[in-house]
Each structure stands twice: as structure tokens, then as C-alpha cells.
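Biologist: Please take me through the reasoning behind the labels attached to this model. I should like each label set against its criterion.

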Amino acid sequence: NISESNLELVKARIDIETGATYSSQEMIDAVDRAMGTTLFNQITYSSFFKDTLFGAELTVHEHSQHQVKGSLHYDSYRSAGILVNYTGRNVLGDASRIVITADIAIQPRFRVQYQKIFGEEKNWWWRSELLGEFLEQKFYLGGDVADNLKSRYVHFDNQINLNLDPR
């Protein structure tokens, strides 16, 4: 019961085949690898007997494809604000994730990150990230406040990576 957009990624990560024989530890390791993708909030199993063989059927409970979270924050230096986070899975292609975070405040900050896992064995991944913040820092000279330094910072990062052991 894995969504079509996540199925190939999960198959590549768990590395088990239907009908093959596995030890208990190998099954635990496979479930751990699937949980490591952070696509699921729970994986359960039910056991069954077929002919003379003992089998297990895994049931996964996926996180929602779209998640929105928020919070309020306050500190005496940066003031108050609202932090909003959106995480979308498989919105811009299978085995992908987009994260958009915004700090809506007097001194705003934002982050946009896109990650895509690809390759036949799903062992390559590409990530692009844009980070920006518009802050005002107190500048001290000789222990006294000299001025306010306005920081307008925007950073872009792009990387491609290979998991040497995709399991």
C-alpha cells in the first residue's frame, strides 16, 4: 500500500524480494532502511503461513504528501514573528521533496530547498537550496553600540551526490 510515486524508492532501499528467505535481522534492517527515508510514520507487519512457509506482509503508513507547520516566536533581540513551513513530497516529480520555510517578522528569513533522488538504484540525489535573511545587527566599538549593521544575505547552493551504500 505504498503510493506509486514512492514505490521505486522504497524497493531500492529495502532491498528484499518477494518469495526469498530472510532472517529476522535482515527484515528489521530492511524496515529500518525504509523508515530512514522519512516517508512513513509507521511500518507494521502481519505474519501468515502459506503451504509450509512462514511469510510476512508489510503495511506502511505514509506521511501526507503536503505538510504545513507553523509557530510563533519571540526574543528580545530579533522581536516576534511567525514561522511557517511547507513540505511537499513528489510535487515536482517522483522521489522528490520541496521545503519552503518563511519567518514572517520585522527581520524576515526564508529557505527554499528542492531535493530529487534518481538513478536506477535510487542512489543519486540532487539538492538545490536558496537561503535569505534580512537582519539588523547591533555593531559594537569599544564595548559601546556604534551603529546598526543591516545584513541583506542571500545564498544559493546546488549539489549532486552519490550514496556509496544506498542501503
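Biologist: Why is Val60 called buried?

Modeller: In this predicted model, Val60 has a relative accessibility of 9%. Buried means under 20%, so Val60 counts as buried. The residue belongs to strand E2. Its C-alpha atom is 9.5 Å from that of Ala34, although the two are 26 residues apart in sequence.

Biologist: What makes Val60 part of the largest nonpolar core?

Modeller: Membership requires a buried residue of a listed nonpolar type, joined to others through side-chain atoms within 4.5 Å. Val60 is one of 12 residues in that set, among them Leu9, Val10, Ile14, Ala30, Ala34, Ala95 and Trp125. Helices H1 and H2 and strand E1 each give at least two residues to this core, and H1 has the largest share, with 3 residues. In soluble globular proteins, nonpolar side chains tend to be buried together.

Biologist: How do you know that the length of H2 fits a helix?

Modeller: H2 has 12 residues, and at 1.5 Å a residue these should span 16 Å. The end C-alpha atoms of H2 are 17 Å apart, which agrees with the expected span.

Biologist: Which residues of H2 are buried, and how do you know on which side of H2 they lie?

Modeller: The buried residues in H2 are Ala30, Arg33 and Ala34. They cover an arc of only 100° around the axis, and therefore lie on the same side of H2. An α-helix has 3.6 residues a turn, so residues three or four places apart point the same way.

Biologist: Is His66 buried, exposed or partly exposed, and what makes it so?

Modeller: The relative accessibility of His66 is 42%. Buried requires under 20% and exposed over 50%; His66 therefore counts as partly exposed. His66 is located in strand E3. Between His66 and Val91 the C-alpha distance is 8.5 Å, with 25 residues separating them in sequence.

Biologist: What is noted about the backbone of Asn90 and of Ala95?

Modeller: Asn90 has a positive phi, near 60°, and is a residue other than glycine. Ala95, also not a glycine, has a positive phi of about 55°. Asn90 lies in the loop between strands E4 and E5, as does Ala95.

Biologist: Why are Asn90 and Ala95 classed as buried?

Modeller: The cut-off is under 20%. Asn90, at 11% relative accessibility, therefore counts as buried, and so does Ala95 at 7%.

Biologist: What is the volume of the largest pocket, and which residues are closest to its centre?

Modeller: The volume is about 1400 Å³. Of the 41 lining residues, Ile16, Glu17, Met27, Ala56 and Leu58 are the closest to the centre. The largest share of the lining, 8 residues, comes from strand E2. By class, the lining holds 22 nonpolar, 9 polar and 10 charged residues.

Biologist: How much space lies in the second largest pocket, and what makes up its lining?

Modeller: The second largest pocket holds about 230 Å³ of space. Among its 14 lining residues, Leu9, Thr37, Arg89, Gln115 and Ile117 are the closest to its centre. H1, strand E5 and strand E6 each give two or more residues to this lining, with the largest share, 3 residues, coming from H1. The classes are 4 nonpolar, 7 polar and 3 charged residues.

How values were computed
Residues numbered from 1 in each chain as written. Predicted model: local features only at pLDDT ≥ 70, side-chain atom pairs only at ≥ 80, totals over all residues. Heavy atoms only, no water. 1 Å grid on protein atoms, 1.4 Å probe; cavity = no way out; pocket = protein on both sides within 12 Å on 5 of 7 lines; lining within 4 Å. Points joined across faces, edges and corners; volume = space filled by probe spheres on them. Helix = DSSP H or I, 4+ residues; strand = E, 2+ residues; numbered from the N terminus. Nonpolar A, V, L, I, M, F, W, Y, C, P; charged D, E, K, R; others polar. Buried < 20%, exposed > 50% of the residue type's maximum accessible area, 1.4 Å probe, protein only. Expected span 1.5 Å × (residues − 1). Arc of directions from axis to C-beta.
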